[in-house]
Structures are given as C-alpha cells and as structure tokens.
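Work through the following exercises with the sequence and the model side by side. Each task is followed by a solution that proceeds step by step.

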Amino acid sequence: MAVTLIALLVMFCVVEAPSVQAQTFAGRALMARGINAPSEADAAAELTMDDFNTTLWATPASWAIVEFFANWCPACRNYKPHYEQVARLFNGRDAVHPGTVFMSKVDCALQVNTKLCDRFSVSHYPLLLWGPTSKFAFGSWEPKVDSGIEPIEDARTADRLLKWINKKIGKSYNLDDEKFENEELPTNASDPAEVARSIYDIEEATGNIFDIFLNKKRFNSDSRLSFIRFLQILVVHHPSKRCRIGSGEIIVNFDELWPSYPWLVDTKQAGRLPGKDAFRNLHICGKEVPRGYWIFCRGSKNDTRGFSCGLWLLFHSLSVRIEDGESMTTFTAICDFVHNFFICEECRQHFFKMCSSVKEPFKTRDDLVLWLWNAHNRVNERLRIEEAALGTGDRKFPKVIWPPKQLCASCWISSSKKHNSTHVDVVWNMTEVHQFLLNYYGQIIKFPSQDAAQQQITLEKQSYPGDDTAPSGAVSVPIGAAVAIAIASCGFGAVACIWRMQQKKRKYLNQVYSFKRI
C-alpha cells in the first residue's frame, strides 16, 4: 500500500509541476510548427534528425542534395521557389526524372535538428550540399575535408542549380522537361547495377498490391484467406527487408482489423473491408512506398510496363527464395492472389487458366521457378501478338522470349522461325535456364552494394554517436544497481513531492489567515 501511494505521488508530482509551463511551450511550438510547416505541394522532402539517415539510405536515387535552411531566414524563403522548381523534376509522383537525384531539406531552426546541422558544419543559410545518398546516411561534412560530399557554390537560381546538377551527372535536363520525355530508360537488362535497382520496383509493386487490396469493393472469406496466405509468403521470402517487416505487422494486426468470426461482423457491412482506415495506417514497405514512379520497370510511355513488370519481378524473386517444401503453397498463394485481386479481367482469367492446367503438385522449388518462367513467356507471346496487331506496345521495350540469347547464350540449344512468322521456337537447355533464373532473380536483385554499404554504415555509426546509437561515453550500469537507483530516485522524488505539497498547503493557509485578518 505504501509503495503504491509513493508511486502515485511521484506520478502526480511529475505531471503536475510543469503543467502550465509545458502547455505554454507546447502551444508555442505547435503555433510555430503550423506557421512554418511545409506546404503539401512541396516537392523537396523535409527531413529531421529522426528520419534523415534512414530516408537517405533507403531512397532509390544515386545522388542527393540537402538544403540546410532556417524557417526565419528571409533569404531561405526567397530561395525556396527556385529549389522547388528543380525538386519537382526529381521528387514525387509527377517527377520527370525520378530515381536520379533526391532533393531534400533540413530546418536548422528546429531544436530537434541541432545535432544534425552541427554534423554537417552548417555555418550559413541556405547551405546546399551534394553527394551520393550513401555518404549522407550516417555521414558528415566539414570544409576542406574529402568526405564525398561537397557544397554547391553557384545555385542562386533554378537554372544555375540544374546546370550544376547536369554537369555533375553528365545530363542535359531542362526545367521545362515533360514526363516520359527523357533518355533515362534502363534498356540494358544485362547490366547488374540496373537489375539490382529493380528491388525498388518490387517494393513499388508490393505497395500497389496493398492499395489494390484496400480499394477492392467486395470481400468474402476466400479473398480474406487468399490475401493472408500471400502475406505469409512475403513475410518470409520478400527480397526487401522492410517489406518483410511491414507484411509481418499487417498479419499481426489482421485478425483484429478484419475478424474471421462471422458473428462479430455486422450483416449490413457484409462484403466490405472492416477497419479499412486502420489498415491504411499500416505500410507494407514503409511510409514512402508506393513512391508513384518506376525505375527498372519504367516504360517509354505512361501506360506501358510499370506495375505488370514489377509484379512479375516480385513473383520470380519469391519463387527462387523458397524451400522445396513450400513450392506448392507458394504456387497456390500466387494463383489465388491473382484470381482474387488482379484488376485486369482478361489477364486474370488467362493467368488462372494457366494455374488450373497444373495437374500434378510441385515437389521442388525448381518446379515452381521453371513453371513461372514458362508462364511468363506464354503471356509475353500472347501480348506480343496482340500489341503488334493493335500498335499498343512499347517500341523501346518489345515483348521478347526470356532470357534472350545475348543475355544467356548457354540457355539456347537451337532456335527456328517459320516463314512469314515472327514467332521463334527455342529448344532450351533447362539446366542453364534454371541456373540463370536463380542468379538473375535471386543473387542480383538486392539493394545495390548492400553488404559493403552496411559495413560502412556500421563504421560511421560508431564514429558519430548520438544519432541512432547511445553516446560512446555512456556508463554501463548493472541491472541490480539500476533498479536500486530507480527505487532511491522514486523515494527521493516522493519525499520531495510531499514536502512541496506541504509548503503549498502552509502558503495557502497563511494566505487565508491574512485575508481573514484584512
């Protein structure tokens, strides 16, 4: 009883004492934040100490510009339209050149960013720094120190800033560039660096899948079970770690947001997704996904490639990562997902027809890998004929037999083409095809230089304590000592709180007495 009373007194003391001052400070902070908060239309991403490292590490862009500014600085406010004009070329869903340069900004007037601005030696506003995104994440900058990051000296206008960027990356971008009118299309599918970047498109496709799930009009027990089974595959085998984590979070909360017990569901809401708003608060691959643009899967036109390319990449990358005993489960999960959630009706029926043609259950991972490869080639052949007749295909990315001979010559034993026909009959070396698929979708598709970069980040985190790690000068305290200190602190706090309450009481009584005397 005494311990409980002391604990309550400590809680009361901690909460009550700073109430007026804290509310006043919080009110001012909220007012300041409201006045200086970035507009929703801002293309440049505003970062803080909390998300600076992780955001720059996760962005698909190879290069980054960080503007360090202060919300009270007139020069910063005047420069903002110029910076935003350039940022719209590279950031956001309507970006003309997405995935090239990540445009961001940090408000050094906010107390939360003090250490971050010190880390990059901010001595004036606005300060623009340029460098590889990996150098900014857990990195730092000092004048006259070669850290891979450098200041942008001549960027007073949007034209000058873009000219500076073009010179650095060897491009000829213009401020009036329009979407899908550029040369930044990954035409070389044999370039390992380009293939590795498809991991971002797999994340994008996964984010779109979750949006499709949320926007589905009608649901039933089959679609519920289908989505859960697909999520279970993603939790274990998705090539992106953050998508595995996000899928796991959705599964953990799934039964609470969408109960499987029919007596808990209102009959008036039958067929609708319960807890849809709560589902939207969950992010299957992080808050920044879907980004609204494609990188490896980007077509030369807005209506080509994109989601379908990303979805195939996801299916293939899952197939090469499973174990033998999971082959049939994964096959069923993919087929049921397409049948229940794929929007294109003709594509959905065609894919389900291929799934239904499987008579014998798969016994090994190889069975699924090769079946999916064959199914993809069949789909490509059907679409190639249709697109050629209607003129709807992407000329820069025509449908081809996969893998093409120039990408895997050993996969082709022989080929033949009938007279007046564009169809090519290929005799495949199935052993070589299988090995190619395992390497292409398993080994190459990952975050670029992931292992080396992760080691670099670990070293840099040790060099810059206080960001995401504990201070290097922190003292290790045994658990027993820590508990003893905590109890002593609570006891001292309780005594101090009781003394303070008594002082208040005496003061109040003296005031009452003096009032009576008056």
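**Exercise 1: A bridge between two helices**

Glu346 and Arg382 form a salt bridge in which the closest N and O atoms are 3.7 Å apart, a salt bridge being a side-chain nitrogen of Lys or Arg within 4 Å of a carboxyl oxygen of Asp or Glu. Determine which helices hold Glu346 and Arg382, and whether Arg382 counts as buried or exposed.

*Solution.* Glu346 belongs to helix α15 (residues 345–356) and Arg382 to helix α16 (residues 365–390), so the salt bridge ties together parts that are 36 residues apart in sequence. Helices (H or I, at least four residues) and strands (E, at least two) are DSSP runs, numbered from the N terminus. Arg382 has a relative accessibility of 17% and therefore counts as buried, where buried means under 20% relative accessible area, exposed over 50%, and partly exposed in between (1.4 Å probe, protein chains only).

The model is predicted: local features need pLDDT of at least 70 and side-chain atom pairs count only at pLDDT 80 or more, while totals for chains, interfaces and linings use all residues. Residues are numbered from 1 along each chain as its sequence is written, and side-chain values use heavy atoms, with hydrogens and water left out.

**Exercise 2: Two further salt bridges**

A search of the whole structure finds 13 salt bridges. Describe where the partners lie in the pair Asp42 and Lys80 and in the pair Arg88 and Glu84.

*Solution.* Begin with Asp42 and Lys80, whose closest N and O atoms are 3.2 Å apart. This pair links distant parts of the chain, since Asp42 sits in the loop between α2 (19–36) and β1 (45–47), whereas Lys80, 38 residues apart from Asp42, is in helix α4 (residues 74–90). Asp42 counts as buried at 18% relative accessibility, while Lys80 is partly exposed at 32%. Asp42 and Lys80 are also linked with Lys105 in a network of salt bridges.

Turn next to Arg88 and Glu84, whose closest N and O atoms are 4.0 Å apart. Both residues lie in helix α4, four residues apart, which is about one turn of the helix. Arg88 is partly exposed, with a relative accessible area of 44%, but Glu84 is buried, with a relative accessible area of 4%.

**Exercise 3: The sheet and the helices on it**

In what order do the five strands of the open sheet run, and which helix directions can be compared with those of β3 and β4?

*Solution.* The five strands form an open sheet in the order β1-β3-β2-β4-β5, with mixed pairing; two strands pair if DSSP finds at least two bridges between them. At the edges stand β1 and β5 (150–151), each with a single partner strand, so one side of each is left without a neighbour in the sheet. Strands β2 (residues 63–69) and β4 (residues 127–132) pair in the antiparallel sense over six bridges, and Ala64 stands opposite Gly131 in β4.

Helix α4 packs on the sheet, touching β2, β3 (101–107) and β4, and its direction makes about 155° with that of β3. Helix α7 (residues 158–169) also packs on the sheet, touching β2, β3, β4 and β5, with a direction at about 20° to that of β4. These angles run from 0 to 180 degrees between N-to-C directions, the axes being lines fitted to C-alpha atoms, for helices over the stretch in contact.

**Exercise 4: Helix α14 and Ser226**

Compare the span of helix α14 with its expected value, then find which residues Ser226 contacts beyond its neighbours within four places in sequence.

*Solution.* The expected span of a helix is 1.5 Å times one less than its number of residues. For the 15 residues of helix α14 (residues 327–341) this gives 21 Å, and the end C-alpha atoms are 21 Å apart, which agrees. The buried residues of α14 include Phe337, Asn340 and Phe341.

Ser226 lies in helix α10 (residues 221–237) and is buried, with a relative accessible area of 3%. Leaving aside its neighbours within four places in sequence, Ser226 is in contact (heavy atoms within 4.5 Å) with Asp336, Phe337, Asn340 and Phe341.
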